[in-house]
Amino acid sequence: MTSPSLDRRTLLKGVAAATAALAVPRVFDPAAAAAPASKGIFGYGIASGDPTADSVVIWTRATPPARPGEPVATPGSGLGRPIPVRWQVARDRRFTRLAAHGTVMTSPDSDHTVKVDVTGLDPYTRYYYRFQSLGELSDVGRTQTAGDIAGETHALRMALVSCSNYTGGYFTAYRAIAARDDLDFVLHVGDYIYEYGNGADRYGPAALAGVRDSQPPTETIDLLGYRLRHALHKADPDCRAAHQALPWITIFDDHEVANNSWADGAQNHQPGEGDYLARRAQAMQAYLEWMPFRLPDQSVPHQGTRFFKRFTFGDLGDLSILETRQNRSRQVTVPGVPFDGFVPVGLSPAIDGAIASPARHLPEPEQLAWLKDGLAQRGRQWHLLGNQVMVAPVLYPGAALGAPGYTFVNADQWDGYTADRTSLLTHLAAQPAAAGDAVVLTGDIHASFSCDLPVTSSPGQAAYTSAGVEFVCPSVTSDGFYEVLGSTAQLKGQPAEVVVGATRQAIGAAQQLNPWLRYIDGVSHGFVVIDVTPERVQADYHHTPVPTSAQPDPRIVPTVLPGYTRSLQTLAGTRRLSSAAGPVGPRSDEPRGS
Ligand SMILES: [Fe+2]
């Protein structure tokens with residue numbers, strides 16, 4: 001998501017390069033970077049991810065203990081000797097019933113990260129894992145394999161998250177997720193890290209400056225920077241707890257490299273920051289080192305590196321993970337528009353034509369074909385899509401953006417690539433009931449949405465054919481509509497209640513233009529629990545409290561956890577939303593070993 005403050009940061013960047021950057025040294029603070037590394041060999045915690053019926057990836061970083069007179073092998077430093085790391089996966093917390101074990105070497109080549117794809121496991125089973133090196137043991141992590149067994153239907157429940165900006169606030173959403181005992185995995189659909197620094201480009205509440213700062217303190221543009229930024233997140237106690245408690249399925253969006261990226265550039269990649277593709281390659285190297293992500297089989301047709309992949313859950317459903325940054329056509333942009341990334345529609349045939357051009361793509365054509373193929377497969381009721389930017393059309397009334405009389409779209413979303421979207425939704429709508437129904441799970445926009453997916457739409461159009469539904473999670477911490485509107489000239493300095501009221505008014509106006517947006521919350525942060533049964537998919541929204549003047553920003557209070565607020569669902573065969581009573585109750589069954 002982009003915001004007016006991002007525009008401000010872009011403008012300030014040239015000045016910052018000449019002034020503020022001098023005050024904030026390019027080199028990182030070795031003491032701050034070394035703090036987690038000094039907490040022992042496994043100071044960055046443990047993680048697991050990408051569970052299938054018989055495998056799961058386990059992860060850690062093993063920092064070699066510094067010998068006398070040696071510097072600590074901090075992330076990105078290239079320092080430290082290779083060391084052996086033993087790993088164990090067991091069916092019980094005390095490791096009396098081992099399921100798999102082994103030893104690997106780690107070294108500066110992988111930034112001392114360790115990633116093991118553990119295979120030969122049993123389906124729908126809970127496992128425990130740990131690492132050992134040079135006599136030291138890691139914490140014990142809990143993970144589980146997917147319930148993907150022909151002829152069996154198991155419960156399927158996940159936490160949907162996105163947009164965890166470290167300087168944006170405490171990761172209380174992660175802590176609330178870690179405290180639950182009813183989830184199969186966490187699905188993070190992008191912006192796990194942000195590239196911004198602590199200077200003029202700082203992103204988040206001013207109250208956290210000096211309290212919750214980024215490492216490195218400047219924008220991440222190279223391997224050292226991205227490794228340090230990932231390490232910062234792995235050292236966060238709430239992030240660590242959620243990784244320790246559950247496997248994660250993740251995919252990057254733009255901020256794992258730079259804001260509003262496309263195939264060979266990004267809005268936040270400037271002259272002087274080097275070659276964009278070299279920067280992206282370094283960002284991806286750090287991502288693959290530091291995330292429990294399994295790179296899929298590269299023989300499936302794709303462009304560049306294949307990151308998109310599919311998980312299956314018996315006859316209940318599947319989960320296609322999309323990747324929509326690496327190959328996308330450059331966004332349509334219009335200079336002078338107050339909100340970066342947004343473009344006016346219905347005014348200029350050139351802009352409208354570019355947005356609708358079939359020559360422009362969001363996923364590459366090979367990926368779209370692979371996706372459509374999966375969505376047409378029979379034998380599973382639900383086709384879930386782990387997706388970065390919103391599929392549903394969202395027309396923004398100009399009045400809400402300070403430009404009355406105009407209508408805008410966010411051209412970084414599927415709204416900026418309407419030929420691809422029409423192709424996808426037409427395909428979905430054409431599927432017979434036997435092909436099941438699609439549910440898109442999205443992040444990016446830092447607000448909660450539940451939407452029908454109209455095949456064709458125009459402003460205010462109340463009747464439409466819906467191809468499926470989309471649930472959008474709020475950000476973990478990143479600025480949402482409330483914070484963006486609160487930073488505009490009209491509302492800056494106003495009491496929180498006034499800004500909340502203005503946000504809700506803008507949302508009401510947006511819903512009049514877009515009747516398929518059945519639910520929007522643009523104020524709170526948190527996560528969504530997605531619960532899948534043969535009969536329905538339900539989304540429970542868990543939100544931080546609405547800000548008040550007495551407590552304006554729950555993101556800066558580490559004890560304020562998101563709580564349940566609202567549920568919506570889609571019933572099998574309807575391809576539309578309906579209201580739901582929530583929150584969800586106990587699971588219908590538990591994985592083995594629970
Ligand atoms: Fe984001």
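This report covers the iron site, the nonpolar cores and one small sheet of a predicted model.

**Iron site**

Four residues coordinate the iron ion, at 2.1 to 2.5 Å: Cys163 through SG, Asp191 through OD, Tyr194 through OH and His446 through NE2. The angles subtended by the 4 donor atoms run from 83 to 168 degrees, which makes the arrangement irregular. Four donors would count as tetrahedral if all angles lay between 85 and 135 degrees. Along the sequence, the spacing of the donor residues is C-x27-D-x2-Y-x251-H. The pair of cysteine 163 and histidine 446 links distant parts of the chain, 283 residues apart. Cysteine 163 lies in the loop between β9 (156-161) and α4 (172-178), and histidine 446 in the loop between β20 (437-442) and β21 (448-454).

Both of these residues fall under the 20% limit for buried, as the table shows.

| Residue | Relative accessibility | Class |
|---|---|---|
| Cysteine 163 | 0% | buried |
| Histidine 446 | 1% | buried |

**Nonpolar cores**

The largest nonpolar core contains 66 residues, and Leu187, Phe471 and Ile530 have the most contacts inside it. A second core, separate from that one, has 42 residues, including Phe339, Leu428, Ile445 and Val472.

**Three-stranded sheet**

An open sheet of 3 strands follows the order β16-β19-β18 and is paired antiparallel. β16 (342-344) and β18 (396-397) each have a single partner strand and stand at the edges, so one side of each lacks a neighbour in the sheet. β16 and β19 (residues 407-410) are joined by 3 bridges. Within this pairing, valine 343 stands opposite valine 409 of β19.

Note on methods: Residues are numbered from 1 along each chain as its sequence is written. This is a predicted model: local features need pLDDT of at least 70, side-chain atom pairs count only at pLDDT 80 or more; totals for chains, interfaces and linings use all residues. Side-chain values use heavy atoms; hydrogens and water are left out. Donors are N, O and S atoms within 2.8 Å of the metal (3.2 Å for Na, K and Ca); water is not among the atoms, so sites may look incomplete. Four donors count as tetrahedral if all angles lie between 85 and 135 degrees; four count as square planar and six as octahedral if opposite donors are over 155 degrees apart and all others between 65 and 115; anything else is irregular. Helices (H or I, at least four residues) and strands (E, at least two) are DSSP runs, numbered from the N terminus. Buried means under 20% relative accessible area, exposed over 50%, partly exposed in between (1.4 Å probe, protein chains only). A nonpolar core is a set of buried Ala, Val, Leu, Ile, Met, Phe, Trp, Tyr and Cys residues joined through side-chain atoms within 4.5 Å. Two strands pair if DSSP finds at least two bridges between them.
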